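Here's a quick tour of a model you can spin around yourself. Have a look before reading on.

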Amino acid sequence: MSLDKFQIAKRIAKELQDGFYVNLGIGIPTMVANYIPEGIKVVLQSENGLLGMGPFPEEGKEDADLINAGKQTITTLPGSAFFDSAMSFGMIRSGKVDLTVLGAMEVSENGDIANWKIPGKMVKGMGGAMDLVASAKNIIVAMMHTNPKGESKLLPACKLPLTGVKCVKKIVSDLAVMEVKDGAFHLLERAPGVSVEEIQSKTAGKLVIQGDIPEMEF
Amino acid sequence: MKKTFNNAEEATQDIKDGAVIMLGGFGLCGIPENCIAALVKTGVKELTCISNNAGVDDFGIGLLLKKHQLKKMIASYVGENSEFERQLLSGELEVELVPQGTLATRCMATGYGMPAIYTPAGVGTEVAEGKEIRNFNGKDYLLEYAFNSDFALVKAWKGDTDGNLLYRDTARNFNPLMAMAGKITIAEVEELVAPGELDPNNIHTPGIYVHRIFQGANYEKRIEQRTVNKKKEA
């Protein structure tokens, strides 16, 4: 069975370590916050100017002045801090943020990522994604292995306009966990019940399979 | 030194056709609602707007778009506005998409008196086309220029009549940076107080950067994505 988006978020949460400052992108990455392992402290950075982001507010306690980068109403946790957008990207650029999790339309075998534009069709803009991928020490991409047409999103080279080059370190898809290094996707884990052959058939870029590939654990 | 104005109409009356204006805010959070409403009312045209987002179809900068008052938009993310996407794809509107950190830092550079910055954001992408690339310590960086703008329109929580400003929560975002960057900076505040009423330790934007200030009225402070945790059933 391929993973649903909740399970992808849950698997990514296993990558979190105590003391990490983490930036979570819009969509599945945001959901990672729901699965932070017990006993560790992670501080969430929202690039619109907040460290120490908390859960969504209770009904009736929404505050228009307190939102995340996806424009959703949120709360703060004890120890949080507000700052302006230049300082926010200053901490990203200077490598203070330990982990960035974001979505992608395409990833290439050398770690390039495309997630901001489909020429002639969709022009939403890059937001903070280009700044994040250009500077983050560790980037995990949360994505579906294939697009709705069934075509692989893990490619020898991206076809869409790039967001950043040689930056993706790890991918958690609905089918597999892969490390991106030395110009290839290295298969680390497979979704429960998903065969290595299926992952291979849905990966257009170079896939390295070494030894027995274990099933993911949550 | 009189910086105070009665309202947005008075404070923005010399913004003419073709002006380059910065507008603070992230999404609809911390946007200068009163100033935008005043510009919609005067109908000033051919504006170049520098702002992180372009509002939504019926609020924020979206109101200026709907009346075709913009010539050019410089922003990082415009996905919330279908009229924007339509004007962009049809070629009616000139658009420069800028990485968000680059946008913020180009504003900061202006306010700090620096002509340009180097940033890694956009290296190897179409953002880098035509730009100077320089390698520092083995990594490539793009040269990006500080912004020139005629006016900066910002929104603060509290301000005093000397122009000192204090922002609230994530409504701070681009506001202090743009306040520093405007040739003429116009600040609208929810609460305007006398000098001395704000603690000097807590000033986010010193009044030297602010040329005009007024107390705004009828703030809607619209929420773009109202998201809540449902209360547990009793």
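## A small stop in chain A

This is a predicted model, and a good place to begin is the sheet in chain A, an open one of 3 strands in the order β7-β6-β11, with mixed pairing. Its edges are β7 (113-114) and β11 (154-155), each of which pairs on one side only.

Zoom in on β6 of chain A, residues 106-108: this strand runs antiparallel to β7(A), and the two pair over 2 bridges. If you want a residue to click on, try A:Val107, whose bridge partner in β7(A) is A:Ile113.

## Where the chains meet

Now pull back to the contact between the chains. Chain A puts in 48 residues and chain B puts in 51. Together they bury about 4100 Å², with carbon and sulfur atoms giving 58% of that area. Over on chain A, the residues that lose the most area to chain B are A:Asp65, A:Lys71 and A:Lys124, together 19% of what that side buries.

## Charges and polar pairs

How many salt bridges link chain A and chain B? The count is 6. One salt bridge to look up joins the side chains of B:Arg226 and A:Glu62, at 2.7 Å from N to O. For polar contacts, the tally across the interface is 26 residue pairs, with both residues at pLDDT 80 or more.

On the chain A side, α3 (85-93), β9 (122-123) and α4 (129-135) each supply at least two of the residues touching chain B. Sorted by class, that side has 21 nonpolar, 14 polar and 13 charged residues.

Notes:
Residues numbered from 1 in each chain as written. Chains lettered and ligands numbered in written order. Predicted model: local features only at pLDDT ≥ 70, side-chain atom pairs only at ≥ 80, totals over all residues. Heavy atoms only, no water. Contact = heavy atoms within 4.5 Å. Buried area = accessible area lost by both parts, 1.4 Å probe. Salt bridge = Lys/Arg side-chain N within 4 Å of Asp/Glu carboxyl O. Polar contact = N/O pair within 3.5 Å; in protein donor to acceptor, adjacent residues only side chain to side chain. Helix = DSSP H or I, 4+ residues; strand = E, 2+ residues; numbered from the N terminus. Nonpolar A, V, L, I, M, F, W, Y, C, P; charged D, E, K, R; others polar. Pairing = 2+ DSSP bridges.
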